[in-house]
Structure formats: structure tokens, C-alpha cells
Amino acid sequence: MAKKRVYVESSVISYLTARPAKDGLNKIRQQLTAMWWARRHEWECVVSPTVMLEIARGDPGAAARRLEKAQSLIEVPATTEADLLAKWLLSHDLVPESVRADAMHLAMAAVHGARYLLTWNQKHLDNPGLRSRVERMIRRQGWEPATVFTPDRLLLEESS
């Protein structure tokens, strides 16, 4: 049986490699991300050029840690179809222009057949208020949207 494809968004890799957090929520997210990462072999995990660009930014040491982790994932290529779908999502105000990369994450996950889009970004990607509209609009363009999950929700989904 083929493994389900998971598009791993940059926030997941950032939580995985960040210095240990002292506050509750970030500490919990880091722990949950590490738990999922230990089981990542259960899925076909992919990243995009957009993810690679995002995780390469910032502090050079932190960027190097993020890039090292991402090397164990499959990088799927940018495509014209994904670019067009991302532009379409932006033009219909489903994702703000200021976070163009989030539109590309949604598009790349759909175009590359990811079953899940894994993220901690709950403002634009894992936003319950937008999710159904985004999914409906991606389907209107002929693609099947990835189900957006946080690492803990993916572990629960796949355990049941």
C-alpha cells in the first residue's frame, strides 16, 4: 500500500529545530512536532522550493539546522499549475497578498497530490473560518485540496 503524501510546511520544520521553548504553548508544539517527526517515515513527506526558501532565511545557524532536517524530505518541483492556482487563490482574497507563500503552500500541496498539508500556521493555513472556502475553491479549479492538519492532529487522524 502506498504511503499517504504529506506536504510539510516551513513552520513544522521551524518548531522542530528551534531552541527549546520556555513557555507552555511553544514548548508543547515543539514536543508534538518531535513526536510526529519520529514517525515521519510512515508518510511520504514532501517540501517545495517555497518551503526551502522560507527555512533558509534568518539566523544562519538556525537556517542550517532547518535545512539539514529538510534534506531527509522529498523536494517536489515548482510547476506552472501550482503558480496559477496560487495566483488564483490570491486574486479571490482567500489568502492575503502579504502571505503569498501560504497560497503557494496550498497550491503545491494540491497540485502534487498531498493528502495532508502539515502546519502550525493557524492564521492563514489551518484557519477553520477559511478552510472550507479554500477547499471549495481549489476543487473548482480541478484539484483535490490537502487536508490541513497540525502534527498532533495528523497523529490522531492516522491512529484512529
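## Helices and strands, piece by piece

Val12, Tyr15 and Leu16 in helix 1 meet a whole group of residues in helix 2: Asn26, Arg29, Gln30, Thr33, Ala34, Trp36 and Trp37. Sort the residues of this contact by class and you get six nonpolar, three polar and one charged. Keep in mind as you look around that this is a predicted model.

How do these two helices sit against each other? Helix 1 and helix 2 (residues 24–38) pack at an angle of about 105 degrees, and their axes are 8 Å apart. Angles of 65 to 115 degrees count as roughly perpendicular, so helix 1 and helix 2 are roughly perpendicular to each other.

Helix 1 has a second partner to look at. It spans residues 10–17 and packs against helix 4 (residues 60–70) at about 115 degrees, with 9 Å between the axes. This pair, helix 1 and helix 4, is therefore roughly perpendicular as well. As for handedness, helix 1 passes helix 4 in a right-handed crossing. On the helix 1 side, the contact is made by Ile13, Ser14, Leu16 and Thr17, while helix 4 brings Arg65, Arg66, Lys69 and Ala70. By class, that gives three nonpolar, two polar and three charged residues in the contact of helix 1 with helix 4. If you click on Leu16, you have found a residue that takes part in the contact with helix 2 and also in the contact with helix 4.

Now follow helix 2 over to helix 8 (residues 151–159). Their axes come within 8 Å and cross at roughly 45 degrees, which makes helix 2 oblique to helix 8. The crossing of helix 2 and helix 8 is left-handed. Here Leu32, Thr33, Met35 and Trp36 of helix 2 meet Pro151, Asp152, Leu154 and Leu155 of helix 8. The class count for the contact of helix 2 with helix 8 is six nonpolar, one polar and one charged. Thr33 and Trp36 turn up here, and both of them also meet helix 1.

Here are the three helix pairs side by side:

| Helix pair | Angle | Axes |
|---|---|---|
| Helix 1 and helix 2 | about 105 degrees | 8 Å apart |
| Helix 1 and helix 4 | about 115 degrees | 9 Å apart |
| Helix 2 and helix 8 | roughly 45 degrees | within 8 Å |

On to the strands. In general, strands of a sheet pair through backbone hydrogen bonds, either parallel or antiparallel. What is the strand order in this sheet? It is an open sheet of five strands, ordered 3-2-1-4-5, with parallel pairing. Strand 3 (74–75) and strand 5 (147–149) are the edge strands, and each pairs on one side only.

Start from strand 1 and look both ways. Strand 1 pairs with strand 2 in the parallel sense over three bridges, and three bridges also join strand 1 to strand 4 (residues 116–118), again running parallel. Val6 is a handy marker: its bridge partner in strand 2 is Cys45, and in strand 4 it stands opposite Tyr116. Further along, strand 2 (residues 44–47) and strand 3 pair in the parallel sense over two bridges, with Val47 opposite Glu75 in strand 3.

Finally, what about salt bridges? A search of the whole structure finds five salt bridges. One of them joins the side chains of Arg5 and Glu44, at 3.0 Å from N to O. This pair links distant parts of the chain: Arg5 belongs to strand 1 (residues 5–8) and Glu44 to strand 2, 39 residues apart.

Notes. Residues numbered from 1 in each chain as written. Predicted model: local features only at pLDDT ≥ 70, side-chain atom pairs only at ≥ 80, totals over all residues. Heavy atoms only, no water. Axes fitted to C-alpha atoms, helices over the stretch in contact; angles between N-to-C directions. Helix = DSSP H or I, 4+ residues; strand = E, 2+ residues; numbered from the N terminus. Parallel < 35°, antiparallel > 145°, perpendicular 65-115°, else oblique. Left-handed = near helix turned anticlockwise from the far one by under 90°. Contact = heavy atoms within 4.5 Å. Nonpolar A, V, L, I, M, F, W, Y, C, P; charged D, E, K, R; others polar. Pairing = 2+ DSSP bridges. Salt bridge = Lys/Arg side-chain N within 4 Å of Asp/Glu carboxyl O.
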